[in-house]
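Visitor: I am new to this structure and would like a close look at a single part of it. Could you take one strand and go through what pairs with it?

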Amino acid sequence: MRTLLAAALCLAATATGCGATVESAEDARSPGVTLTNCGREVTYDKVPERVVTNDVGITELMFALGLEDRMAGFAMPDDKGDLGRVPWKDGYDKVPWLSKDQLTKEIVLDARADLVVAGWNYGFREDGGFTPDALEKLGIPSYVLTESCRNGRTKTSRGIMPPLDALYTDLTNLGRLFGVEKRAEALVDGFEKQIADVRAKAPKGADRPSVFLYDSGQDTPFTSGRYAAPEQIITEAGGVNVMHDVADSWTTAGWESVVERDPDVIVICDYGDVSAERKKKFLLSYAPLRDVSAIRHRRIVALDYADLVESPRNPSAIARLGAYLRTVAGQG
């Protein structure tokens, strides 16, 4: 099953095939590339050669663009699933794994990084002072993951555009910065086509199953509002995110709101010390949920963490979830 998934991911990842050669260094943009990142213009004085990334989705953005040779390393916990069967396995083999914890200024300096690609709650954090402003004071530029852009509603609220638009924005921006626009364009075009194919077969109207995304938590569930990637993954797959009205990205909710919204399906985010199977057992045994449709019919499906944060795995996740939701709609 995982082998077939890897093959499908490979086909979905690029119109030119996994491991395709990117444009040569001579094609790279000249110094002074200006990009719009999180609503502000940022100018990069040179094409980075020692990029450090944080977390799996951000790291795989670089790999999908074929930019392994521009990387000094990445930081990522080792609880994000099997990395040996993804389309970008070679990237993980080639690029140093700098830390299995969070990035720090010391790690970045030791790596002699000339660009840090991370996001708010994906590496960047006020606690500990690891922020773009702090790195700028060290002479190290940053690029902020668009899914994580702060939007001004509160000090920590994130999300300024639909999640897939955020993915395409970051691929396009990084493609410009590194002079691999053609590669970025091919990825975006391939992803859009794959998702359009799923959309064409998706349930319509009242047949669309309602879906609750369960990340973690027992006293209070951690889930996705409408600005995190699961919102659009669920929508494009043919479902309705029951937390669509929550104007935030990854956030907490109350179990009473889950019960009230009565989802037809629960999607588990599979990562961390608590396995998807243990999360499923908890959900099935948690008394307040016993009358929820997804629990009564045992409609619980797991997707990997990297499927559900902004990453080049999102389109494949849409295809797989779409296939599952079509079976649920057929039961109705």
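Guide: What follows is a look at strand β6 and the strands beside it. This is a predicted model, in which local features need pLDDT of at least 70 and side-chain atom pairs count only at pLDDT 80 or more, while totals for chains, interfaces and linings use all residues. Residues are numbered from 1 along each chain as its sequence is written, and side-chain values use heavy atoms, with hydrogens and water left out.

Strand β6 covers residues 115-120, where a strand is a DSSP run of E of at least two residues, numbered from the N terminus. The strand is mostly covered, since 6 of its 6 residues are buried, buried being under 20% relative accessible area with a 1.4 Å probe and protein chains only.

Turning to its partners, two strands pair if DSSP finds at least two bridges between them. Strand β3, made of residues 51-54, runs parallel to β6 and is joined to it by 3 bridges, and within this pairing Val51 stands opposite Leu115 of β6. Strand β8, residues 142-144, is likewise parallel to β6 and joined to it by 3 bridges, with Val144 of β8 as the bridge partner of Ala118. Strand β7, residues 123-124, pairs with β6 in the parallel sense over 2 bridges, and here Trp120 has Phe124 of β7 as its bridge partner.

Key:
Buried means under 20% relative accessible area, exposed over 50%, partly exposed in between (1.4 Å probe, protein chains only). Helices (H or I, at least four residues) and strands (E, at least two) are DSSP runs, numbered from the N terminus.
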